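This report describes a pocket, the nonpolar core and the cysteines of one protein chain. The sequence and model are shown first.

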Amino acid sequence: QGIFVLGLPYALLHSGYSGLFLIILSAALCCYTGKILIACLYEENEDGQLMRVRDTYEDIANACCNMLSPKLGGIVVNVTQVMELIMTCILYLVVSGNLLSHSFPYVPVTEKTWSVIAFVTLLPCVFIKTLKIVSKLSQLCSLVHFIIILVVMTYCLTQIHQWSWAKFRLSIVFEDFLVSVGVIIFSYTSQIFLPTLEGNMKNPGEFRCMLNWTHFFACVLKTTFALTAFLTWGEETKEVITDNLPSFLQTLVNLGLLTKALLSYPLPFFAATEIVHACISRGNHSNYRSPLFSLGLRGSFLLLTLLMAMFIPHFALLMGLTGSVTGAAMTFLLPSLFHLNLKWKKLSFLEKCADISVFILGFLCSLAGIVCSIKGLLEVFG
């Protein structure tokens, strides 16, 4: 449940009843692509038993592109993953600066300076070496997020006397609808982390069951939250729903969101540095395996995210463009393509149709997002 959840009521404003259907459909599709991605890690042995022969997204890509080049698929996947993870880290820094400037408007400090202050609190990230520390921070992040959602929904329930289903739109503007599609779909994405997660489970056989339940509860929470918030504010719903709250609650929730953003940063940061470190240290280069090199790499990544957050103009549009390419590729395009490539002979006709449909849908979502983002950038740059 990422920060994207706070944009779901705004997505409903632009998509109406179809938005509710999209929240449910996205949960089902993302759950499905998660399962087929993990299926690509396994092959049957001579006895017909499934054996885990691959460990990462990169291994799956290399297996699919083996005929063209043994490492081509892995390079494409790694570049895509690192791009998305770095952009996510930058977004957390930008969001932190924005939240601090809104929480303390009387302090004569610019948004960029607040981002630098937030960056200083993230410096200990260079010392993170294991997923255990990241998981504990993610647990705290989930707790903070739960409190934020609870505060917003409690306030909305106090305004239940103002609710009206007439606030829902029947007609929609196509471009606004595409924005809603992007927000809804990308609020579910987790495919980057799934191979590692499944490999670290005590009982990997329970992975599919876990995926079903987590996506079901995510869908219920997103639908309930988006619905209650939209019915409360209707046409006045803002891009980030916390901006609709009364000032005394808004400051409290903004500080909660700031805490969540800072606690969310280590996971994509750790994942990105691990991918790059693994790629560089392959072979017999002992220098690249030293603790000092690892520390330097993490420090460089940390500094890169700050510099990009400080100097990239119109970040939201660039984020939308990158998200449309990398998000759709990692969530829809590549899992369905890899599954078809590796399992074609064993798939039923319906399974093939499902994979092809998901691929086409992912391609259309990606194309539409790219067109909208480029159009926005052209308008901004005149």
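## Second largest pocket

In this predicted model, the second largest pocket has a volume of about 490 Å³. Its lining comprises 18 residues, of which Lys35, Ala39, Leu50, Arg208 and His339 are the closest to the pocket centre.

Four elements give two or more residues each to this lining: the helices α2 (17-39), α9 (207-233) and α13 (315-343), together with the strand β1 (42-44). The most is given by α2, which provides five residues. By residue class, the lining of the second largest pocket divides into nine nonpolar, seven charged and two polar residues.

## Largest nonpolar core

The largest nonpolar core holds 98 residues. The members that touch the most other members are Leu93, Phe225, Tyr265, Phe301 and Phe338.

Leaving aside residues up to four places away in sequence, Phe225 touches Val5, Leu6 and Pro9, as well as Ile149, Val152, Met153 and Ile241.

## Cysteines

The count of disulfides in the model is zero. For Cys89, the closest cysteine sulfur belongs to Cys125 and is 8.4 Å away; this is too far for a bond, because a disulfide requires sulfur atoms within 2.5 Å. Cys279 is likewise in no disulfide, and the nearest cysteine sulfur, that of Cys65, is 15 Å away.

Are these two residues, Cys89 and Cys279, buried or exposed? Cys89 has 2% relative accessibility and therefore counts as buried, the cut-off being under 20%. Cys279, at 33% relative accessibility, counts as partly exposed, because this value lies between the 20% and 50% limits.

Key
Residues numbered from 1 in each chain as written. Predicted model: local features only at pLDDT ≥ 70, side-chain atom pairs only at ≥ 80, totals over all residues. Heavy atoms only, no water. Core = buried A, V, L, I, M, F, W, Y, C linked by side-chain atoms within 4.5 Å. Buried < 20%, exposed > 50% of the residue type's maximum accessible area, 1.4 Å probe, protein only. Contact = heavy atoms within 4.5 Å. 1 Å grid on protein atoms, 1.4 Å probe; cavity = no way out; pocket = protein on both sides within 12 Å on 5 of 7 lines; lining within 4 Å. Points joined across faces, edges and corners; volume = space filled by probe spheres on them. Nonpolar A, V, L, I, M, F, W, Y, C, P; charged D, E, K, R; others polar.
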